[in-house]
Amino acid sequence: MLDKRKFYINGEWVAPLVANDLEVLNPATEKPIAVISMGTAADIDRAVAAAKTAFAGYSQTSVEERLALLEKLLSIYKRRYDEMAQTITMELGAPITMSTEQQADVGVGHLQGFIDALKRLHMRQVLPNGDVLLREPVGVCGLITPWNWPINQIALKVVPALATGSTCVLKPSEFTPLNALLYAEMVHEAGFPAGTFNLVNGDGIECGAALSKHRDVDMMSFTGSTRAGIAVSKDAAETVKRVTLELGGKSPNIVFEDADLEDRVAGSVLECFNNSGQSCDAPTRLLVQRSVYNQAVAIATRVGKEATVGDPTQEGSHIGPLVSHIQFGRVQALIEAGVAEGAKLLVGGPGKPEGFETGYFVKPTIFADVNNTMKIARDEVFGPVLAIMPFDTEEEAIAIANDTNYGLAAYVQTSDPKRAERVASRLRAGMVHINGGPHRYGSPFGGYKQSGNGREGGMFGLEDFLEVKTVHRPEVAA
Ligand code: NDP
């Protein structure tokens, strides 16, 4: 078993102030793979103090100096890429093919996206009225990340903090701490000054809240549940911190009758099941125009039945387990709610798939004839569970799509480009994917309504970590 009990504070690996061990489990085997320490508010104090001290010098570094550090980090990440993929497979249960092609890849893509954006960013600008506008690092940043796309969230927060000249304290999810510790090793090797990046493991209630409330933390960037996002916002309010939130979703996927049905329905089912359904932007509500509803249901049933679960260490396109027994319990409860509310079960259902009694595996599940008031249409399931429902008109599809507390992503399938843009413009969501168009690195990621605020990635992601200062001078600036 790996011994990973140290935290990374002020450029060094240090023991926690109070010993408090936690075993990290492999979700496919339920066996411990590592032991970490759960920190306390005192460990957070130590890390924040290091970040505050480091900010004085690091905030004065030039963009060129920071670009050189980020390029170094990129080359180290690429060298240790396979280790990152294997680590995520081990602690999250993402199948190795998916870890390699998607989970680890985001660490490269986002870093490159931020490097490109930083090269285009103007830290000093003369406004049309002759005043000078300075962009300055926001300060000490508290970063709290979840387990579902662990290095994705870490890269989307740590990189813009360091790129803009801020310093940070990261508290990753204790369910997937190992990729974060590996990232800390990379940041260390890249030569970022001591105290610019710090990592403390621990839980949300103690360490997360200590960060959010801390007087010397200037900004909180959080990804996770809406519940915890609200808690972070409340805790941060006392000290009037900037707070950016990337929260849950219940993303609608509208299939019009003129869509390439076979391709788009099959693709939509697989996208919903990707990462065992543990993605905030997963297309979990499939809205199908009634004239092609039965055909779409037949395609979804076939594709759903073909989806398999399997050992994450094996190459392939199968689905892995959920991350934890807590998550397993949540997903089971929602599948049971779907059955109890009278949705038509097409594929899967409650219980574990045959032959997978060990591990947090669930059956890929599809419900049809769902209506938008059911629990499975309103709550974020965060498992491989798809809800299909019919609609008649474009107007009705937009109304159902927008009838949710969330507003992260939305999906539109149609062969009419004018309709695609028209519908996209009316959906209250931060990202709209048309006919399977993928999210590209460097574009803003984030949501409307209770899916959060702020945007991650590329130029918008840098802006979130910057303060804006106006310099007024008697004469007009050159
Ligand atoms: P949480 O929101 O509880 O966890 C995410 C992160 O927030 C973890 O690091 C967690 O630490 C921390 N955290 C929890 N409570 C607080 C708090 N009061 N103050 C500061 N930090 C806190 O998500 P769960 O893991 O419990 O998952 C629950 C549901 O949330 C999922 O089923 C899914 O619907 C949604 N979710 C959405 C994600 C997204 O990408 N938007 C990511 C993960 C979950 P700790 O683990 O110690 O509690």
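**Exercise 1.** In this predicted model, how do the residues of the shell around the ligand divide into nonpolar, polar and charged?

*Solution.* Sort each shell residue by its class. Eleven are nonpolar, ten are polar and seven are charged. Next, pick out those that come nearest: of the 28 residues around the ligand, these are Trp147, Glu174, Gly204, Ser225 and Glu380.

**Exercise 2.** Find which atoms of Ser225, Arg227 and Leu247 lie a short listed distance from N or O atoms of the ligand, using a cut-off of 3.5 Å.

*Solution.* Take the side chains, then the backbone. Ser225 has a polar side-chain atom 2.7 Å from a ligand oxygen. For Arg227, an N or O atom of the side chain is 2.9 Å from an oxygen atom of the ligand. Leu247 uses its backbone instead: an N or O atom there lies 2.7 Å from a ligand nitrogen. On its own, the ligand has 850 Å² of accessible area, and the protein covers 91% of it.

**Exercise 3.** Where does the ligand sit, and which elements give two or more residues to its shell?

*Solution.* Start with the site: the ligand sits in the largest pocket. Then list the elements: α8 (204-213), β11 (219-223), α9 (226-237) and α12 (325-340). Of the shell, α9 supplies the largest share, four residues. Last, turn to the domains. Domain 1 (2-247 + 451-470) and domain 2 (252-444) each provide at least three shell residues.

Conventions:
Residues are numbered from 1 along each chain as its sequence is written. This is a predicted model: local features need pLDDT of at least 70, side-chain atom pairs count only at pLDDT 80 or more; totals for chains, interfaces and linings use all residues. Side-chain values use heavy atoms; hydrogens and water are left out. A residue is near a molecule or strand if one of its heavy atoms lies within 4 Å of it. A polar contact is a pair of N or O atoms within 3.5 Å; within protein, one must be able to donate a hydrogen and the other to accept it, and residues adjacent in sequence count only if both atoms are side-chain atoms. Accessible areas come from the Shrake-Rupley method with a 1.4 Å probe; for residues, only the protein chains shown count as cover. On a 1 Å grid over the protein atoms alone, a cavity is a set of points where a 1.4 Å probe fits but cannot get out, and a pocket is an open set with protein on both sides within 12 Å along at least five of seven lines; lining residues have an atom within 4 Å of a point. A molecule sits in a cavity or pocket if more than half of its atoms lie within 2 Å of its grid points. Ala, Val, Leu, Ile, Met, Phe, Trp, Tyr, Cys and Pro count as nonpolar, Asp, Glu, Lys and Arg as charged, and the others, Gly among them, as polar. Domain bounds come from an automatic or database domain assignment.
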